[in-house]
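Work through these exercises with the model open. Try each task before you read its solution.

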Amino acid sequence: MNNILTKTRKGFLMVTLFATLLSFANETSFYNVNVEANKTTLTLNYAKAGSALSIKDVAGSVLYSETIATTGSYKREFDLTFLPNGNYLFEVEKDLEIKEIPFTLTEGVANFNKNEEKLVYKPFVRVSNDIVYISKLAIDGEDLKVEIFYTEKNRSNSELVISEQFSNENSIQKAYKLEGLNNGSYEIVLHSANRTYIKNI
(Lines give C-alpha, C1' and ligand atoms only; values in the text may rest on other atoms or scores of the structure.)
Protein backbone atom coordinates (compact mmCIF):
# COMPACT_ATOMS: atom_id res chain seq x y z
CA MET A 1 0.00 0.00 0.00
CA ASN A 2 1.37 3.41 -0.96
CA ASN A 3 1.15 6.36 1.39
CA ILE A 4 0.25 9.50 -0.60
CA LEU A 5 -0.36 13.16 0.21
CA THR A 6 -2.52 15.45 -1.89
CA LYS A 7 -1.90 19.08 -0.91
CA THR A 8 -4.98 20.59 -2.52
CA ARG A 9 -7.44 18.23 -0.90
CA LYS A 10 -5.47 18.33 2.33
CA GLY A 11 -5.92 22.09 2.45
CA PHE A 12 -9.64 21.78 1.77
CA LEU A 13 -10.09 19.39 4.68
CA MET A 14 -8.26 21.70 7.07
CA VAL A 15 -10.30 24.73 5.97
CA THR A 16 -13.43 22.75 6.86
CA LEU A 17 -12.05 21.77 10.26
CA PHE A 18 -10.79 25.26 11.11
CA ALA A 19 -14.19 26.67 10.17
CA THR A 20 -15.68 24.37 12.79
CA LEU A 21 -13.12 25.60 15.32
CA LEU A 22 -13.83 29.27 14.57
CA SER A 23 -17.59 28.80 14.72
CA PHE A 24 -17.22 27.30 18.19
CA ALA A 25 -14.87 30.06 19.33
CA ASN A 26 -17.36 32.71 18.22
CA GLU A 27 -20.19 31.27 20.30
CA THR A 28 -20.98 33.57 23.22
CA SER A 29 -21.61 30.68 25.57
CA PHE A 30 -21.91 27.06 24.58
CA TYR A 31 -23.87 26.16 27.69
CA ASN A 32 -25.24 27.40 31.01
CA VAL A 33 -25.67 25.49 34.26
CA ASN A 34 -28.02 26.31 37.11
CA VAL A 35 -27.61 24.40 40.38
CA GLU A 36 -30.36 24.62 42.99
CA ALA A 37 -29.97 22.20 45.89
CA ASN A 38 -29.95 18.72 44.32
CA LYS A 39 -31.30 19.86 40.94
CA THR A 40 -28.85 20.62 38.13
CA THR A 41 -30.25 22.23 34.99
CA LEU A 42 -28.06 22.05 31.89
CA THR A 43 -28.86 24.39 28.99
CA LEU A 44 -27.10 23.96 25.65
CA ASN A 45 -27.39 27.18 23.67
CA TYR A 46 -26.19 25.70 20.38
CA ALA A 47 -27.49 22.14 20.39
CA LYS A 48 -27.68 20.15 17.18
CA ALA A 49 -30.18 17.40 16.48
CA GLY A 50 -28.46 14.02 16.50
CA SER A 51 -25.77 15.05 18.98
CA ALA A 52 -25.14 12.72 21.92
CA LEU A 53 -25.35 13.89 25.53
CA SER A 54 -23.97 11.69 28.28
CA ILE A 55 -22.79 11.67 31.87
CA LYS A 56 -19.57 9.77 32.54
CA ASP A 57 -17.44 8.97 35.55
CA VAL A 58 -13.65 9.43 35.66
CA ALA A 59 -13.15 5.89 34.32
CA GLY A 60 -15.15 6.74 31.19
CA SER A 61 -18.16 4.59 32.10
CA VAL A 62 -21.43 5.96 30.70
CA LEU A 63 -23.96 6.55 33.48
CA TYR A 64 -26.58 8.33 31.38
CA SER A 65 -26.99 9.00 27.67
CA GLU A 66 -29.49 10.39 25.21
CA THR A 67 -29.64 11.65 21.63
CA ILE A 68 -30.64 15.30 21.36
CA ALA A 69 -33.71 15.61 19.15
CA THR A 70 -33.78 19.36 18.48
CA THR A 71 -31.51 22.02 17.02
CA GLY A 72 -31.09 25.28 18.92
CA SER A 73 -31.64 25.68 22.65
CA TYR A 74 -31.81 22.48 24.71
CA LYS A 75 -32.58 22.30 28.44
CA ARG A 76 -32.78 19.36 30.83
CA GLU A 77 -32.98 19.09 34.61
CA PHE A 78 -30.97 16.34 36.30
CA ASP A 79 -31.33 14.86 39.77
CA LEU A 80 -27.82 13.58 40.48
CA THR A 81 -28.48 12.26 43.98
CA PHE A 82 -28.27 8.67 42.70
CA LEU A 83 -24.54 9.15 42.13
CA PRO A 84 -21.91 8.82 44.89
CA ASN A 85 -19.61 11.72 45.71
CA GLY A 86 -16.85 12.10 43.14
CA ASN A 87 -15.77 13.58 39.82
CA TYR A 88 -17.91 13.31 36.70
CA LEU A 89 -18.48 15.06 33.41
CA PHE A 90 -21.20 15.95 30.97
CA GLU A 91 -20.13 15.09 27.44
CA VAL A 92 -21.69 16.58 24.31
CA GLU A 93 -20.62 14.86 21.10
CA LYS A 94 -21.26 16.52 17.74
CA ASP A 95 -20.10 15.57 14.25
CA LEU A 96 -16.44 16.56 14.64
CA GLU A 97 -16.10 17.69 18.24
CA ILE A 98 -16.64 16.53 21.80
CA LYS A 99 -17.21 19.03 24.60
CA GLU A 100 -16.31 17.83 28.10
CA ILE A 101 -17.93 19.67 31.03
CA PRO A 102 -16.47 18.27 34.27
CA PHE A 103 -18.06 18.66 37.68
CA THR A 104 -17.57 17.47 41.24
CA LEU A 105 -20.52 15.97 43.06
CA THR A 106 -20.92 16.31 46.84
CA GLU A 107 -24.09 14.98 48.48
CA GLY A 108 -25.94 15.36 45.19
CA VAL A 109 -24.83 18.97 44.65
CA ALA A 110 -22.75 19.62 41.51
CA ASN A 111 -19.89 22.12 41.39
CA PHE A 112 -18.57 23.19 37.97
CA ASN A 113 -15.17 24.66 37.13
CA LYS A 114 -15.02 26.25 33.66
CA ASN A 115 -11.21 26.19 33.73
CA GLU A 116 -11.33 22.39 33.52
CA GLU A 117 -13.54 22.25 30.42
CA LYS A 118 -12.08 20.60 27.35
CA LEU A 119 -12.86 20.55 23.64
CA VAL A 120 -11.71 17.45 21.76
CA TYR A 121 -11.71 17.36 17.96
CA LYS A 122 -12.53 14.00 16.44
CA PRO A 123 -10.61 12.68 13.43
CA PHE A 124 -12.27 13.38 10.08
CA VAL A 125 -12.28 10.45 7.64
CA ARG A 126 -13.35 10.75 4.01
CA VAL A 127 -13.15 8.16 1.25
CA SER A 128 -12.96 9.03 -2.45
CA ASN A 129 -12.66 6.09 -4.84
CA ASP A 130 -9.70 4.11 -3.47
CA ILE A 131 -8.19 6.93 -1.38
CA VAL A 132 -8.93 7.52 2.30
CA TYR A 133 -8.20 10.99 3.73
CA ILE A 134 -7.65 11.40 7.48
CA SER A 135 -7.44 14.80 9.16
CA LYS A 136 -7.44 15.89 12.79
CA LEU A 137 -7.05 19.12 14.71
CA ALA A 138 -4.89 18.49 17.77
CA ILE A 139 -5.01 21.82 19.60
CA ASP A 140 -3.43 20.33 22.72
CA GLY A 141 -0.94 18.27 20.71
CA GLU A 142 -2.66 14.99 21.51
CA ASP A 143 -1.30 11.91 19.74
CA LEU A 144 -3.04 10.12 16.90
CA LYS A 145 -2.41 6.49 16.06
CA VAL A 146 -3.64 5.22 12.69
CA GLU A 147 -4.16 1.52 12.06
CA ILE A 148 -5.56 0.16 8.80
CA PHE A 149 -6.60 -3.48 8.51
CA TYR A 150 -7.37 -5.31 5.26
CA THR A 151 -9.55 -8.41 4.93
CA GLU A 152 -9.75 -10.31 1.64
CA LYS A 153 -13.11 -11.59 0.45
CA ASN A 154 -14.12 -14.98 1.85
CA ARG A 155 -11.51 -14.73 4.59
CA SER A 156 -11.99 -14.04 8.29
CA ASN A 157 -8.46 -12.98 9.21
CA SER A 158 -7.48 -9.32 8.90
CA GLU A 159 -4.00 -8.07 8.06
CA LEU A 160 -2.54 -4.91 9.57
CA VAL A 161 -1.24 -3.04 6.52
CA ILE A 162 -0.62 0.44 7.98
CA SER A 163 0.36 1.56 11.47
CA GLU A 164 1.48 5.15 12.09
CA GLN A 165 1.82 7.31 15.19
CA PHE A 166 1.69 11.12 15.13
CA SER A 167 2.75 13.28 18.08
CA ASN A 168 3.11 16.97 18.93
CA GLU A 169 1.33 18.21 15.79
CA ASN A 170 -1.44 20.81 15.84
CA SER A 171 -2.91 19.51 12.60
CA ILE A 172 -2.58 16.00 11.22
CA GLN A 173 -3.36 15.26 7.57
CA LYS A 174 -2.74 11.99 5.79
CA ALA A 175 -3.97 10.17 2.70
CA TYR A 176 -3.68 6.46 1.97
CA LYS A 177 -4.34 4.41 -1.14
CA LEU A 178 -6.62 1.43 -0.49
CA GLU A 179 -5.21 -1.17 -2.84
CA GLY A 180 -7.34 -4.20 -3.64
CA LEU A 181 -10.56 -2.54 -2.47
CA ASN A 182 -12.61 -4.50 -5.02
CA ASN A 183 -11.30 -7.76 -3.59
CA GLY A 184 -11.81 -7.12 0.10
CA SER A 185 -12.63 -4.59 2.82
CA TYR A 186 -10.78 -2.18 5.08
CA GLU A 187 -11.17 -1.18 8.71
CA ILE A 188 -9.73 2.18 9.79
CA VAL A 189 -8.97 2.33 13.53
CA LEU A 190 -7.91 5.68 15.01
CA HIS A 191 -6.73 6.15 18.61
CA SER A 192 -6.50 9.62 20.17
CA ALA A 193 -7.01 11.19 23.61
CA ASN A 194 -7.97 7.83 25.16
CA ARG A 195 -10.68 7.34 22.54
CA THR A 196 -11.03 4.94 19.63
CA TYR A 197 -12.79 5.70 16.34
CA ILE A 198 -13.57 2.99 13.77
CA LYS A 199 -14.67 3.27 10.15
CA ASN A 200 -15.33 0.28 7.92
CA ILE A 201 -14.90 0.54 4.16
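## Exercise 1: The largest pocket

Task: Find which residues lie nearest the centre of the largest pocket, and describe its lining.

Solution.
- Step 1. Start at the centre. In this predicted model, Asp 57, Val 58, Gly 60, Leu 89 and Glu 100 lie nearest the centre of the largest pocket, out of 16 lining residues.
- Step 2. Go to the elements. Those that give two or more residues to the lining are β4 (52-57), β7 (86-93) and β8 (97-106).
- Step 3. Sort the lining by character. Six of its residues are nonpolar, three polar and seven charged.
- Step 4. Add the volume. The largest pocket holds about 320 Å³.

## Exercise 2: The chain as a whole

Task: State how many helices and strands the chain has, then describe its burial, contacts and surface.

Solution.
- Step 1. Count the elements. The chain has one helix and 17 strands.
- Step 2. Turn to burial. The chain has 201 residues, and 39% of them count as buried.
- Step 3. Look at contacts between residues at least 6 apart in sequence. Of these, 55% join residues at least 24 apart.
- Step 4. Finish with the surface. The accessible surface is about 11,100 Å², and carbon and sulfur atoms account for 46% of it.

## Exercise 3: The partners of β13

Task: Identify which strands pair with β13, and in what sense.

Solution.
- Step 1. Take β13 (residues 144-152) with β14 (residues 159-166). They pair in the antiparallel sense over seven bridges.
- Step 2. Place a residue pair. Ile 148 stands opposite Ile 162 in β14.
- Step 3. Follow the chain between these two strands. Their hairpin has six residues between the strands, and Asn 154 there takes a positive phi near 65°.
- Step 4. Take the other pairing. β13 and β16 (residues 184-192) are antiparallel over eight bridges.
- Step 5. Place a residue pair here too. Thr 151 stands opposite Ser 185 in β16.

## Exercise 4: Buried or exposed?

Task: Decide whether Thr 43 and Phe 166 are buried or exposed, and list what they touch.

Solution.
- Step 1. Locate Thr 43. It lies in strand β3 (residues 39-47).
- Step 2. Apply the cut-off. Buried means under 20% relative accessible area. Thr 43 has 13% relative accessibility, so it counts as buried.
- Step 3. List its contacts, leaving aside neighbours within four places in sequence. Thr 43 is in contact with Phe 30, Tyr 31, Asn 32, Ser 73, Tyr 74 and Lys 75.
- Step 4. Locate Phe 166. It lies in strand β14.
- Step 5. Use the cut-off again. Phe 166 has a relative accessible area of 8%, so it is buried.
- Step 6. List its contacts, not counting residues up to four places away in sequence. Phe 166 touches Asp 143, Leu 144, Val 146, Ile 172, Lys 174 and Tyr 176.
- Step 7. Check one distance. Phe 166 and Gly 141 are 25 residues apart along the chain, and their C-alpha atoms are separated by 9.4 Å.

## Exercise 5: Two asparagines in loops

Task: Find where Asn 168 and Asn 194 lie, and give their phi and exposure.

Solution.
- Step 1. Place Asn 168. It is in the loop between β14 and β15 (171-177).
- Step 2. Read its backbone. Asn 168 is not a glycine, yet its phi is positive, about 55°.
- Step 3. Judge exposure. Exposed means over 50%. Asn 168 has a relative accessible area of 69%, so it is exposed.
- Step 4. Place Asn 194. It is in the loop between β16 and β17 (195-200).
- Step 5. Read its backbone. Asn 194 is not a glycine, but has a positive phi of about 65°.
- Step 6. Judge exposure. Asn 194 has a relative accessible area of 87%, so it is exposed.

Note on methods:
Residues are numbered from 1 along each chain as its sequence is written. This is a predicted model: local features need pLDDT of at least 70, side-chain atom pairs count only at pLDDT 80 or more; totals for chains, interfaces and linings use all residues. Side-chain values use heavy atoms; hydrogens and water are left out. Helices (H or I, at least four residues) and strands (E, at least two) are DSSP runs, numbered from the N terminus. Buried means under 20% relative accessible area, exposed over 50%, partly exposed in between (1.4 Å probe, protein chains only). Contact means heavy atoms within 4.5 Å. On a 1 Å grid over the protein atoms alone, a cavity is a set of points where a 1.4 Å probe fits but cannot get out, and a pocket is an open set with protein on both sides within 12 Å along at least five of seven lines; lining residues have an atom within 4 Å of a point. Grid points are joined across faces, edges and corners, and a volume is the space filled by probe spheres set on the points. Ala, Val, Leu, Ile, Met, Phe, Trp, Tyr, Cys and Pro count as nonpolar, Asp, Glu, Lys and Arg as charged, and the others, Gly among them, as polar. Accessible areas come from the Shrake-Rupley method with a 1.4 Å probe; for residues, only the protein chains shown count as cover. Two strands pair if DSSP finds at least two bridges between them.
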